[in-house]
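Please look at the sequence and the structure shown below, and keep both at hand while reading this report. It moves from one sheet and its helices to the residues packed around them, and then to the chain as a whole.

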Amino acid sequence: MERVERFSAAQSEDGRYRLLVEAVTDYAIYMLDPDGRVTSWNAGARRFKGYEPAEIIGSHFSQFYTAADRASGLPARALATAESEGKFEGEGWRVRKDGTEFWAQVVIDPIRASTGELVGYAKITRDLTERRKAEETLRQSQEQFRILVQGVTDYAIYMLDPTGRISSWNQGAQRIKGYLPDEIIGEHFSRFYMPEDHAAGEPERALRTALAEGRYEKEGWRVRKDGSRFWASVIIDPIRTEDGRLLGYAKVTRDITTQRDARRALDQAREALFQSQKMEAIGQLTGGVAHDFNNLLMAIQSGLELLSRRAPDDPRNPSLLQNALAATHRGAALVQRMLAFARRQELKPEAIDVSTLVDGMTDLLQRSLGSSIQVDARFPSSMRPVLADHNQLELALLNLAVNARDAMPDGGSILISGTEVEVVEGDARGLSPGQYVSLSLIDTGTGMDEATLSRALDPFFTTKGVGKGTGLGLPMVMGLAAQSGGRLFLESRLGQGTTAELLLPVASGHVRPVADRRLDSDEPARPAMRPLDILLVDDDPLIVINTSAMLEELGHRVREAVSGDQALEILDHAPPFDLVITDQAMPGMTGWQLSEEIRSRWPGLRVILATGYAELAPGAGTGLLRLSKPFSQRDLTDAIAGAMAKA
């Protein structure tokens, strides 16, 4: 008889609401009167909190809160927020009857009569501590359940018949999906799915899963009445009679688009932070390695130069020494590229003949790209120079070429070309009016679709696999172009390759030729300089030995110190010196700090700062003569002459 009454009740609207709420096993749903006292209690609430109905009905709901929350007035604020704003939602610790705590998600909605009078509150609690084990059974009167379900606006709670057609509809469903009850009841719930999910049979699979496993839970895109989509969290539970007969399904949907976007933004921020920290660490490591490598090159180069003048008269020696010195010069160039990558090299704009620069990079590009990539260059017979940093422009071209290579896994060709263009006022490219050189790199690779192209210049965006790309190559090229007064443009179509175009301003000056580095023995003799008393300061014994030997060969008298403190001690007690040559990166006291101390105590004493890269703080060392490592005896002679000329 009870089953018959239950089935009969299911045929009425109120009965369907009651069965619907009873079938939802993942939420505790109960009512409070306007003062916050419990007026109904369901099995889910009893399971979460441990109270029997007779123990809790009539009690104030604040007893579920921790002592700290009660002391802070949180329960009263929750009701006040729900009444004034139409909703209270939060998460926090709640207390069971036995004193244990659980982490709860709580939604409180005000329940009002048709006159607008506050009848009470609908309170939905979910135990997130054991999200997948939660079971709730709603046991309220038919009218209470109808009011309760209709009052919930943050969840779409509705019922499906066994075939998936909608048989009830609450205000939350109306708000989230946009349909009025008379527009949607009787329709199949599959209309809420995306076309591709519908075609793949996802709605039918959801019902089968709920029926077979007792519950279906998933997130995915759903479609509103107006055609817009939202990211939904969906739970479907089968509703059965006591004898196990399927009556339909209870379906709870929540719009979590905002939460999903926040999660994705957080994930992207974490990934960007990881990439930034990785690049910072790599930059610091590269800068440190480059500094130490400079010192090694300095020792090798100076030793070779000294040997070239002291070696026995063997006809093979000059050739061997020339090759060894050439290797040190190539190593020095490599260090400069490392420093450019580490962003520890100041931009030094100069007039550059782009055709000559590309021609000089041909061997480097071919070695870097491999034999499967053909590199061609096409430039007009006459083209004005650009104003840019030579090293950084080389690095930019290398970055673009490597990107092109990666887009041609089966081989292909790269064409580097240039032409002069004029930008007029109001040009869509956003450049100042004037003359520019267009430097283009065109590949025959896979190209990019519109979505990828739109993000190609975004920092940290990469289409390469994990660990295979930093996503900073193109942004670094873009930054160089912008800092040089130009722009970087990309043009690409899927399957048709990519064109990277660098627009750089034309230089007003003449191209400065790059002098070939030669052995001192091949250089013309310089006017003799009087012997000087020089204090040499460096913490690297290899540098001290070889630099001292070069200075002594030039006729100077040398005193050595391995730290700034030792240098000051020598200056305090030794006869006066004519010149101090000091390394920059030393423990305890840097070369710049030593120079400042010397300037204060011995104003007339000249100082040369030997350094491998721009390791000074901004503004430090202004007016200080620098000697770049690794240096030759010719460089050393020029630096000494320059310093003494200012004395």
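## Helices on the sheet

In this predicted model, helix α14, made of residues 354-369, lies across the strands β10, β12 and β13, and the helix runs at about 180° to β10. Helix α15, which covers residues 390-406, also packs on the sheet, where it touches β10, β12, β13 and β15 (498-505), and its direction makes about 35° with that of β13.

## The sheet itself

The sheet beneath these helices is an open one with mixed pairing, and its 5 strands follow the order β10-β12-β13-β15-β14. Its edge strands, β10 (373-378) and β14 (487-492), each pair on one side only. On average, neighbouring strands of the sheet are turned by 20° against each other, if direction is ignored.

Within this sheet, strand β12 (residues 412-423) pairs with strand β13 (residues 434-443) in the antiparallel sense, over 10 bridges. One position to find by eye is I416, which stands opposite L441 in β13.

## I416 and the nonpolar cores

Leaving aside residues up to four places away in sequence, I416 touches V358, L365, V375, D376, A377, R378, F379, L439, S440 and L441. The largest nonpolar core has 38 residues, and I416 is one of the members that touch the most other members, together with L393, I414, L439 and L502. At least two residues of this core come from each of α14, β10, β11 (386-389), α15, β12, β13, α17 and β15.

Another core, of 23 residues, lies apart from it, and among its residues are Y30, Y65, A82 and F88. In soluble globular proteins, nonpolar side chains tend to be buried together.

## A buried serine in a loop

Is S484 buried or exposed? The residue has its place in the loop between α17 (473-483) and β14, and it counts as buried because its relative accessibility is 14%, while the cut-off for buried is under 20%. When residues up to four places away in sequence are not counted, S484 touches L387, A388, L504 and P505.

## The chain as a whole

The chain contains 21 helices and 20 strands, and buried residues make up 46% of its 647 residues. Among contacts between residues at least 6 apart in sequence, 63% join residues that are at least 24 apart. The accessible surface of the chain comes to about 32,200 Å², and 51% of this surface belongs to carbon and sulfur atoms.

Note on methods: Residues numbered from 1 in each chain as written. Predicted model: local features only at pLDDT ≥ 70, side-chain atom pairs only at ≥ 80, totals over all residues. Heavy atoms only, no water. Pairing = 2+ DSSP bridges. Helix = DSSP H or I, 4+ residues; strand = E, 2+ residues; numbered from the N terminus. Axes fitted to C-alpha atoms, helices over the stretch in contact; angles between N-to-C directions. Contact = heavy atoms within 4.5 Å. Buried < 20%, exposed > 50% of the residue type's maximum accessible area, 1.4 Å probe, protein only. Core = buried A, V, L, I, M, F, W, Y, C linked by side-chain atoms within 4.5 Å. Areas by Shrake-Rupley, 256 points an atom, 1.4 Å probe, with all protein chains shown as cover.
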